[in-house]
Amino acid sequence: MDEQNSEPQASPSYSPPPEPAYYPPSPVAPARRRPPILWIILAVFSVLFLGSLSSTCGQMAQLQMGEEVVGTGSDRVGVVELMGPITDTQKPIRDIRAFLKRKDIQALVIRIDSPGGSVAPSQELFDEIRNASSKFPIVVSMGNLAASGGFWVAMAGDYIFASPGTITGSIGVISQNPDLKQVAEFLRFNMRTYKSGPHKDMGNPFRTMTESDDAVFMELIDDIYEQFVTIIHERRGIEVEEIKKFADGRVFTGRAAKKYGVVDQLGGLYDAAHKSVLMARQRDAVALGQSAETISTETDISLVYPQKPRESLLEMLTETAGRGLVNGISDRIEERAARSNIKLK
């Protein structure tokens, strides 16, 4: 055997296996918390608010705030409406005074559709109309109803219109006080009253009215009734005894009112407006020393209604956004109901 070939072969050098790469542990993601329901509602509201903002601004650009004018005539008649029970006269008085400051108004029409109301507000509005008549002719137009306090206010007009079927009248005064004494006795309920005088608790429903109480109440009623009759006598020139024949609290039609002499002419709102312009022209002619016989109102007129309160930008945006929010929620509910085959009634 060859010695050179018999030499042992050198073994390969040993190298340790490579150490595994170190990867730091990844942080554990915290559990996601569901946003509170308040934040969800605010998010929905914000989206709807911003979505409706552009449309609202567009509507505002086209919205005409202010007075309402009906007609295109050059003769402009201011219309003050007295609607509903007469308890607060701030608005009609404010409207009358606003028209008095204007130079483009020829006359005023007071449109009444009221069942009446409190005595003092009716008197206050009556006096305001009479003061305004020094500048403008005042024509009253009775609508569907002009009774009691509404009739009182109507007497302030320089000329009065009513439709044939208008319900008016109810000339009188009324006061009602319930008697709950027997109810209180049945319930074993007792009301202790401390008063400085015998009439301080007049109308107390928990005690019986005395003859003295009745006398005081009737004195009050009679006083106001006499004031009512006196106003009709002074404004319409009718004798008091004749007035009392129909001033017994009854209601009657506009046609009957004309027969009694408390209404000048049968007609509607536009008839009253034309009459007011005619009266204004006649007044101007007399002031200039001209004849008022040939004055007419053949031209068209315009009815001018008072300026309406302006709505602030914030109010308009809030209202529109709220309406959009409600509609959006309603649509989502209907969509969910449709998927669940639930019928909404």
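**Rings, cores and a buried threonine**

Tyr-159 and Phe-161 are both buried. Keep in mind that this is a predicted model. Below is a quick tour of the aromatic pairs, then the nonpolar cores, then Thr-166 and what surrounds that residue.

**Aromatic pairs**

- A pair of aromatic rings is described by how far apart the centres are and by the angle between the planes.
- Going by ring centres within 6.5 Å, there are 7 aromatic pairs here.
- One of them joins Tyr-159 and Phe-161, with 5.4 Å from centre to centre and 50 degrees between the planes, so the pair counts as tilted, neither under 30 degrees nor over 60.
- Another pair is Phe-252 with Tyr-260, at 5.1 Å centre to centre. The planes of Phe-252 and Tyr-260 are 85 degrees apart, and because that is over 60, the pair is edge-to-face.
- Those two partners sit in unlike settings: Phe-252 has 6% relative accessibility, so Phe-252 is buried, while Tyr-260 has 26% and therefore counts as partly exposed.
- Phe-151, Trp-152 and Phe-228 are tied into a cluster by ring pairs.
- Tyr-159 has a charged visitor too: Lys-275 lies over the face of the Tyr-159 ring, 4.6 Å from its centre.

**Nonpolar cores**

- The largest nonpolar core has 44 residues, and the members that touch the most others are Met-142 and Val-262.
- Helix α7, covering residues 211–236, is the top contributor to this core, with 6 residues.
- Setting aside residues up to four places away in sequence, the contacts of Val-262 include Phe-151, Met-155, Ile-160 and Ile-232. Val-262 also touches Arg-236, Ile-238, Phe-246, Phe-252 and Ala-257.
- That list brings back two ring residues from above: Phe-151 from the three-ring cluster and Phe-252 from the edge-to-face pair.
- There's also a second, separate core of 14 residues, and Phe-161 is in it, along with Val-109, Ala-273 and Val-277, among others.

**Thr-166 and its surroundings**

- Where does Thr-166 sit? Look in the loop between β5 (159–162) and β6 (167–169).
- Is Thr-166 buried or exposed? Its relative accessibility is 1%, and because that is under 20%, Thr-166 counts as buried.
- A polar atom of the Thr-166 side chain lies 2.8 Å from the backbone oxygen of Gly-143.
- Beyond neighbours within four places in sequence, Thr-166 is in contact with Met-142, Gly-143 and Asn-144, and also with Phe-252, Thr-253 and Gly-254.
- Two of those contacts turned up earlier: Met-142 in the largest core and Phe-252 in the pair with Tyr-260.

How values were computed: Residues numbered from 1 in each chain as written. Predicted model: local features only at pLDDT ≥ 70, side-chain atom pairs only at ≥ 80, totals over all residues. Heavy atoms only, no water. Phe/Tyr/Trp six-rings, centres within 6.5 Å; stacked < 30°, edge-to-face > 60°. Buried < 20%, exposed > 50% of the residue type's maximum accessible area, 1.4 Å probe, protein only. Lys NZ or Arg CZ within 6 Å of the ring centre and 35° of its normal. Helix = DSSP H or I, 4+ residues; strand = E, 2+ residues; numbered from the N terminus. Polar contact = N/O pair within 3.5 Å; in protein donor to acceptor, adjacent residues only side chain to side chain. Contact = heavy atoms within 4.5 Å. Core = buried A, V, L, I, M, F, W, Y, C linked by side-chain atoms within 4.5 Å.
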